[in-house]
Amino acid sequence: MNILDKIIADKHKELVLKKLVVPVSQLEQSALFERETVSLAEKLKTSKTGIIAEHKRRSPSKSVINQDLNVEDVAKGYENAGISGMSVLTDGKYFGGSLDDLLYSRAAVKMPLLRKEFIIDEYQLLEARAHGADVILLIAAVLERKEIKRLSEFAKSIGLEVLLEVHNEEELQKSIMPSLDMLGVNNRNLKTFEVSTDISKELSEKIPDNFVKVSESGISSVEAIKDLHQFGYKGFLIGENFMKTNNPGKAAAEFVRELSTSP
């Protein structure tokens, strides 16, 4: 079993327990369930930077990244920096996140929030809606085409946008469908954990123009973003680069300033 297989196996067990404790009716009665969502796709289309900054405490590959900060402070820092949207990791066992992180972020900021989670069930989409998300992530590596279709259509039906993540051309080809808003290419090889933006470049012309293109992982320099702009990418998910500092908002602001002023 690779790490992704382990995470998904744990997610199935976790969902059985969650459904016993919090019924769907309770999620649907949440104060946030009917709020008007904010479009990340539209933000990225018009943004000069296109940065989606992440809140991530730890990861299976990097262990602890930063466990000392309040998520609401990170969210406010990102919004003040002019970030297009924020990705909030809600997996507990492997990433140290929770749905409360999403809730506190929503209370602190107005920008689009992405629930970054290993989604396998409609219940998780209802959770995302009830805790203030605007966008959900679907990972092609762990879903069949029919599952991507079912989950993405359900997400759209409850007002959530969909970012679909692929790692290679095979995953991309099985995933293209009208119920997606954004197609993300993860630059991290799941087998080796090596990171290279070459895969984003390779797949760029195979992604239809009606989807917003997002490059994910391993982006830590202004040069990398300038380079990927030439391949039609509008969004850039930056996971660890800001979080490994003492002040992610300040680090993001400096990055945005450099990106805005560089030729």
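Okay, quick definition before anything else: two strands pair if DSSP finds at least two bridges between them. Helices and strands here are DSSP runs, numbered from the N terminus, with at least four residues of H or I for a helix and at least two of E for a strand.

Now, this is a predicted model, so local features need pLDDT of at least 70 and side-chain atom pairs count only at pLDDT 80 or more, while totals for chains, interfaces and linings use all residues. Residues are numbered from 1 along each chain as its sequence is written, and side-chain values use heavy atoms, with hydrogens and water left out.

Let's start with the barrel. Eight strands close up in the order S1-S4-S5-S6-S7-S8-S9-S10, and the pairing is parallel. From one strand to the next, the twist averages 25°. For angles in this talk, axes are lines fitted to C-alpha atoms, for helices over the stretch in contact, and the angles run from 0 to 180 degrees between N-to-C directions.

Where do S1 and S10 come together? Strand S1, residues 51-55, is joined to strand S10, residues 235-238, by three bridges, and the two run parallel. If you want a spot to click on, Ile 52 sits opposite Leu 237 in S10.

Moving round, strand S5, residues 113-116, has two bridges to S6, again parallel. Leu 114 has Val 135 in S6 as its bridge partner.

How many residues of S6 are buried? Five of the five in S6, residues 135-139, where buried means under 20% relative accessible area, exposed means over 50%, and partly exposed is in between, using a 1.4 Å probe and protein chains only. In a regular strand the side chains alternate between the two faces of the sheet. In S6, both faces are covered: Val 135, Leu 137 and Ile 139 are buried on one side, and Ile 136 and Leu 138 on the other.

Okay, helices. Take H4, residues 71-81, and H11, residues 248-261: their axes come within 7 Å and cross at roughly 15°. That makes H4 roughly parallel to H11, since angles under 35 degrees count as roughly parallel, over 145 as roughly antiparallel, 65 to 115 as roughly perpendicular and the rest as oblique. The H4 and H11 crossing is right-handed, meaning the near helix is turned clockwise from the far one by less than a right angle; anticlockwise would be left-handed.

Who's touching whom? On the H4 side you've got Val 74, Gly 77, Tyr 78 and Ala 81, and on the H11 side Pro 248, Gly 249, Ala 252, Ala 253 and Val 256. Contact here means heavy atoms within 4.5 Å. By class, that H4 and H11 contact has seven nonpolar residues, two polar and no charged. For the classes, Ala, Val, Leu, Ile, Met, Phe, Trp, Tyr, Cys and Pro count as nonpolar, Asp, Glu, Lys and Arg as charged, and the others, Gly among them, as polar.

Next pair: H6, residues 122-130, packs on H7, residues 145-157, at about 25°, with the axes 10 Å apart. So H6 and H7 are roughly parallel to each other too, and the crossing is right-handed. Glu 122, Leu 125 and Leu 126 in H6 meet Arg 150, Leu 151, Phe 154 and Ala 155 in H7. By class, the H6 and H7 contact has five nonpolar residues, no polar and two charged.

Leu 126 also turns up in the next bit. Glu 28, in helix H2, residues 24-28, contacts Phe 33 and Leu 126, leaving aside neighbours within four places in sequence. Buried or partly exposed? Glu 28 is partly exposed, at 41% relative accessible area. Glu 28 and Arg 129 are 101 residues apart in sequence but 8.4 Å apart in space, C-alpha to C-alpha.

Phe 33 is in the loop between H2 and H3, and at 8% relative accessibility it counts as buried. Not counting residues up to four places away, Phe 33 touches Leu 27, Glu 28, Leu 126, Arg 129 and Ala 130.

Two serines to finish. Ser 105, in helix H5, residues 99-108, is buried at 0%. Beyond its neighbours within four places, Ser 105 contacts Val 71, Ala 75, Met 86, Val 88 and Leu 113.

Then there's Ser 217, in the loop between S9 and H10. Most residues other than glycine have a negative phi. Ser 217 isn't a glycine, yet its phi is positive, about 80°. Ser 217 is buried as well, at 12% relative accessibility.
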